[in-house]
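I'm opening a notebook on a structure I haven't looked at before. My plan is to go part by part and jot down what turns up.

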Amino acid sequence: MMHKLKVFFTRIQTKLLLSFLILIMLPILVAITLYYESSNRLLMTEIHQSSAEILAKLADRVNATSERMYQASHLIINDPEIIEYLQSPDNSWYVDYDTFQKYKTLTKKMFNIRDFLLETEAYVAVVDFRGHFTATWTVYQSNKVYEQMKSKRWFNTTKAMQGVPLWNLFSEEDMSFEPSSEAEKYLTMTRLVTGSTGKSYGIVMIAVPMSSLLPELTAALSSEEAAPGRLFLMNDQELLLGNEQSYAALDQRYLINEQHINQLGWSLIEATPGDLFSEKLQSLRNQSILWLMILLLCCCCIFVMIMLRIMKRLKTLHRSMSKVGSGNFTPIPIGAGDDELALLTHKFNDMVSNLGMLVKNVAEEQKRKEEARFQALQAQVKPHFLFNTLTSIKWSAKLSGAEHVSEMITSLGKLLHYSMKNDEEQALLSEEIDFLRSYVSLQNIRFNNNVLLEVHLPPELLRAHVLKFTLQPIVENSIIHGRSTPLSIFIDGEIRDGTVTIRIRDNGGGNIHAIDDPQGNPSNTDRTITHSKFSGIGLHNIHGRIKLHFGEAYGLTVRNIKNEGFEVTLQWPLQEGEQ
């Protein structure tokens, strides 16, 4: 199981798909999530600021109305005619005309203050300590209303505040109104009326319905579920106006705004449920993510199709490589397109074609080598027969006293023995020199001992390996083409920087087939096409053999000095183990 998972995750198509998911899809989803969160915070901030501005306007409206109510009460408690009326004897307006005119003046001023100063639907009343209740609305049994109000808590509190206004929220019952279908609340200010002597004569009462000041609050009370936000009128921690259950349910899910009403000392609070907007934004986010996922899924499908198409071509290339390893050199169909895979397939087909030709050439060359080896084995039968025959002739000549004939046969036998002793291409340089001496010994019989061979090689150089029959064709070339009598052939050499250098020089006056060089500069052997008549191996062949075995940096060079001599320099690397 682990092996299958490892193979699955190491496949190119898995890596490409994971890269697409991690580097493209995942960042997009993260960006959308971050965008949603930032949008949500920004939206909540905007809603909070907008609610704060609306709430401030509501608080300013209540505060402005409160200031006008205070100013209206100030006109009443400081009016001399009203004070004079309140100082008159009880029920005197029933019998005294002047007092009756003062009563009419009081009611007229109360209506004027209500209509012109308050600029809204307001109610003005004066609670007379003589037991009467005068108001801008119809009051039945004012004495009884007075007694009811006298028992209220606000009545004694207003008297105790000595002219400082007292603010309250009154119900219709508190105002002695006829009950209506909708319970109304009234912002009420009560203030003590005193004369110049400090004596209290009554209480002025001014009331404004909350529906005209805060219609939003009253609408929320009448239809709580329809309101997106909740308004509450507070006096410190006391809820004056608003739904108690909604106020008790306030928590961190709500956006809270608070505005202070300076004139009243109260606070106006608005609570907006954050879920109301979060749900809408979340719905929009989910819809956006859904469409994005559909789009990404389509893109992913297209990406997978393209990837599978590429992988199919790669698998075809892989199968072809496996077939090439098995010896099948069939080219791959390239198909349409000029992309990198088509170029790679084209190059692979070229490689397969070249490899097929190379394998064919190697097979043919191997076949030729096997045929040459067979022919070489057949050719060895004749030298063996000849070698055995020469041995018999040698002992016959020696027994007959022909020592020079015995020596010639001995030298020839050494040559044949060196040629047949093994099939290796390389031999020790000392063995090559011994073979060369035997060859020169036979040539001296032909040239009447006019060929002199001098070898000056250090002992360590004699232990180096050399390709067989490398020196003999060069010496043969000097003997055949040398024009001096006697002919001297000098061989010396050295080992320097891991390279074996052998120089073969003669005094034959120069090779007639080589280009003359009066300064004695080396020339390229490829231009010297001289062949040995004895062995069939020329200088060009020796040069090619050295390059073939040791590399292009090695080979031989020739130097032809007119009327002086001919020199061949051979170089090859010192092989491992010969240092």
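**Confidence**

Where in the chain is confidence lowest, and where is it highest? I note that this is a predicted model, so I checked that before anything else. The lowest spot is strand E15 (residues 523–524), with a mean of 47, and the highest is strand E14 (residues 499–506), at 94. Over the chain the average pLDDT is 77, and 76% of the residues score at least 70.

I then looked up two weak stretches. Residues 376–382 have a pLDDT below 50, and beyond near neighbours in sequence I find one contact for this stretch in the model. Residues 514–520 also stay under 50, but there the model has 11 contacts beyond four places in sequence.

**The annotated stretch**

I checked the UniProt record next. Its unreviewed entry puts a "transmembrane region" on residues 289–311. In the model those residues are 100% helix and 0% strand, and the C-alpha atoms at the two ends sit 31 Å apart.

**Leu 21**

I found Leu 21 in helix H2 (residues 12–77). Is Leu 21 buried, partly exposed or exposed? Leu 21 counts as partly exposed because its relative accessible area is 33%, which falls between the 20% and 50% cut-offs. Setting aside neighbours within four places in sequence, I see Leu 21 in contact with Leu 26 and Pro 27. I also looked at Leu 296: it is 275 residues from Leu 21 in sequence, yet 9.7 Å away in space, C-alpha to C-alpha.

**Val 139**

Val 139 sits in the loop between strand E2 (132–135) and helix H5 (142–150). Not counting residues up to four places away in sequence, Val 139 touches Phe 133 and Val 145. Ser 176 is 37 residues from Val 139 along the chain, and their C-alpha atoms are 7.5 Å apart.

**A pocket**

I went to the second largest pocket and got about 430 Å³ of space. Which residues lie nearest its centre? They are Trp 167, Asn 168, Leu 169, Glu 238 and Leu 240, out of 16 that line the pocket. Helix H6 (153–160), strand E3 (166–171) and strand E7 (238–241) each give at least two lining residues. The largest share is from E3, with five.

**Following the strands**

I started at strand E11 (residues 451–456). Side chains in a regular strand alternate between the two faces of the sheet. E11 follows that: Val 451, Leu 453 and Val 455 point to one face and are buried, whereas Leu 452, Glu 454 and His 456 point to the other and are not.

E11 pairs with strand E13 (residues 487–496) in the parallel sense, over six bridges. Val 451 has Leu 487 as its bridge partner in E13.

From E13 I moved on to E14. These two pair in the antiparallel sense over eight bridges, and Arg 496 stands opposite Thr 499. E13 and E14 make a hairpin with two residues between them. One thing I marked in the turn is Asp 497, whose phi is positive, about 55°.

How many of the residues of E14 are buried? I get six of its eight, so I wrote E14 down as mostly covered, with buried meaning under 20% relative accessible area. E14 is also joined to strand E17 (residues 565–573) by eight bridges, and the two run antiparallel. In that pairing, Asp 506 has Phe 566 as its partner in E17.

Terms used: Residues are numbered from 1 along each chain as its sequence is written. This is a predicted model: local features need pLDDT of at least 70, side-chain atom pairs count only at pLDDT 80 or more; totals for chains, interfaces and linings use all residues. Side-chain values use heavy atoms; hydrogens and water are left out. pLDDT is the predictor's confidence in each residue, from 0 to 100. Helices (H or I, at least four residues) and strands (E, at least two) are DSSP runs, numbered from the N terminus. Contact means heavy atoms within 4.5 Å. UniProt positions are given in the numbering used here, feature names are shortened, and annotations may be inferred rather than shown by experiment. Buried means under 20% relative accessible area, exposed over 50%, partly exposed in between (1.4 Å probe, protein chains only). Two strands pair if DSSP finds at least two bridges between them. On a 1 Å grid over the protein atoms alone, a cavity is a set of points where a 1.4 Å probe fits but cannot get out, and a pocket is an open set with protein on both sides within 12 Å along at least five of seven lines; lining residues have an atom within 4 Å of a point. Grid points are joined across faces, edges and corners, and a volume is the space filled by probe spheres set on the points.
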